[in-house]
Amino acid sequence: MRLRIPQIGLPVVGAIVVLAMLLGATTIPVLANPSPIASVSPASQSVGPGDTFSITIVVAPDGEGLSAGQLDFAFDATAMQVDSVTAGNLFGANPTPAGLDLDNVAGTVSLALARKGFTTPPTPTGTFATITLTVNEDAPEGTYALDITNLRLADETFVEITGIAINDGAVTIADEMPPTYSTIITVPASPTVYVPGQNYTFSITVLDNVAVETVVFQFEGVNHTNLTNVGDVYSYQLTDLAAGTYTYRWYMNDTSDNWNSTPNLGYIINQAATTVTLLLNGVEGDLVIDPGEPVNLSATLSIPDILTLSVDGIAVGTEMGSVELENVTTLDLGPHNVTASYPGDGNYTGTSATHWVTVTYPWDINADGTVDFIDMTILSAHWDEVTTEPYPRYDLNRDGTVNYIDLAILSAHMGETYW
Ligand SMILES: [Ca+2]
Ligand SMILES: [Ca+2]
Ligand SMILES: [Ca+2]
């Protein structure tokens, strides 16, 4: 029995020592003074120049009862300004404020608040104040401290609580808003018509909340950065573009390298129309002449380009701008197709004009190659008429009267066919 007592007692003593050590390790913090924590919430956030944002000063009382407090807060007044300071619910729904001091030059806010009525501990975690700030439009980018420079709290017995832990916050100012654009203008407006040597001005208005850095004009996949800039308007000029359909777009960034761009845009330059004037003996129209009678052929194109004059499909003259053939006497009996034509090119539409020269005898009045009753009918219809120059074909001998002599000539050739 005696031997067994120490054998049992030694472990018991050891357990007591271990228990004491455990109690010592766990009870010391419980016995220490409570430590409220005051924090800027959110601890960090990112905003843009010109943006308005809010933070709250949150206090976790750590079991204490809180009857009143005094906040001193600091911010960088060169980058932001405080718009408002609103009391929170830490000291109840309607705390008594005192000593609100807002200094947007020094960058400080001071506010004292006290609970109305008595305080029953513990006070739950709550908001001391909400502070709303607006970032200056020209604030440099960077991270700015939002400091609780001092926070004092009184307990339910109006005794100051010591050992308050402070968690400061910060706000990062970064421009994340790309430039915006408007008023995309082309002069001349699309679609337009080809004009040699024409200037084409493309312009756009670009704005940014901070500053535009670069505007790029991309035309047919080629970037142009040497733009003309007047105020917010950027422009680029191209000269002497060929007719066609072009694609362009604009790119732009700000000084924080936020990019924006327009969609692909089209610019259309249509071919310019051309005209050709074809004169037979100085008149625009068909012509009937006697065999061997000379005829003047004249064609003019509206632009200085190669013009071809052909007779019955065979080119008889190819010149720049105009073709003149005078006293042509080589045309056989019959109708002849006289055509002036311009094939066109990339910038100009093609064009042509055709008139007919019919070579026949005077007694083939209707110039159809046969002397028959139709010619006789035409003559009869104009019987006894007095004519003047240029004499109509039914005055066959061109003597100023449609009479029996003309009839005699027609009768002499009645029934002839020439082609
Ligand atoms: Ca921007
Ligand atoms: Ca006839
Ligand atoms: Ca006559």
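This report walks through a predicted model of a protein, from its overall shape to its cores, its calcium site and some backbone details.

## Overall shape

Let's start with the whole chain. The protein has 419 residues, and its secondary structure comprises 30 strands and 3 helices. The radius of gyration is 52 Å, whereas the globule rule gives 22 Å for a chain of 419 residues, so the protein is more spread out than a compact globule. Taken along the principal axes, the box filled by the C-alpha atoms is roughly 175 × 65 × 40 Å.

The surface and the interior can be put in numbers too. About 21800 Å² of the protein is exposed, with 57% of that area supplied by carbon and sulfur atoms. Buried residues make up 39% of the 419. Among contacts with a separation of 6 or more, 67% are between residues 24 or more positions apart.

## Two nonpolar cores

In soluble globular proteins, nonpolar side chains tend to be buried together. Here, the largest nonpolar core has 44 residues, and the members that touch the most others are F202, F217 and W250. Residues of this core come from both domain 2 (180–270) and domain 3 (276–359), so the core lies between these domains. Apart from it there is another core, made of 36 residues and including I55, F73, V82 and F91.

F202 is a good place to look inside the largest core, as it is one of the members with the most partners there. Setting aside neighbours within four places in sequence, F202 contacts a set of aromatic residues: F217, F219, Y234, Y236, Y248, W250 and Y267 are among them. I185, T186, S235 and L238 are also in contact with F202.

## The calcium site

The calcium ion (ligand 1) has protein donors from D175, M177, D208, N209 and D254, at 2.1 to 2.6 Å. D175 and D208 each appear twice in the donor list through OD atoms, while M177 gives its O atom, N209 its OD1 and D254 an OD. Along the sequence, the donor residues follow the spacing D-x1-M-x30-D-N-x44-D.

D175 sits in the loop between β12 (169–173) and β13 (180–187), and D208 in the loop between β15 (199–207) and β16 (212–219), so the pair ties together parts that are 33 residues apart in sequence. How accessible are these two residues? D175 has 2% relative accessibility and counts as buried. D208, at 18% relative accessibility, counts as buried as well, because the cut-off is under 20%.

## Backbone details to look for

Most residues other than glycine have a negative phi, and most peptide bonds are trans. A few places in this model depart from that pattern, and they are easy to find in the viewer. The bond joining S41 and P42 is cis, with omega about -5°; P42 belongs to the loop between β1 (37–41) and β2 (44–47). The peptide bond from S190 to P191 is cis too, its omega being near -5°, and P191 is placed in the loop between β13 and β14 (192–193).

Positive phi values turn up at E220 and N281. E220, which is not a glycine, has a phi of about 55°. This residue is in the loop between β16 and β17 (222–224) and, at 43% relative accessibility, is partly exposed. N281, not a glycine either, has a phi of about 50°. N281 lies in the loop between β23 (276–280) and β24 (287–289), and its relative accessible area of 31% makes it partly exposed.

Methods:
Residues are numbered from 1 along each chain as its sequence is written. Chains are lettered from A and ligands numbered from 1 in the order in which they are written. This is a predicted model: local features need pLDDT of at least 70, side-chain atom pairs count only at pLDDT 80 or more; totals for chains, interfaces and linings use all residues. Side-chain values use heavy atoms; hydrogens and water are left out. A nonpolar core is a set of buried Ala, Val, Leu, Ile, Met, Phe, Trp, Tyr and Cys residues joined through side-chain atoms within 4.5 Å. Buried means under 20% relative accessible area, exposed over 50%, partly exposed in between (1.4 Å probe, protein chains only). Domain bounds come from an automatic or database domain assignment. Contact means heavy atoms within 4.5 Å. Helices (H or I, at least four residues) and strands (E, at least two) are DSSP runs, numbered from the N terminus. The radius of gyration is taken over C-alpha atoms; the globule rule is 2.2 Å times the number of residues to the power 0.38. Accessible areas come from the Shrake-Rupley method with a 1.4 Å probe; for residues, only the protein chains shown count as cover. Donors are N, O and S atoms within 2.8 Å of the metal (3.2 Å for Na, K and Ca); water is not among the atoms, so sites may look incomplete.
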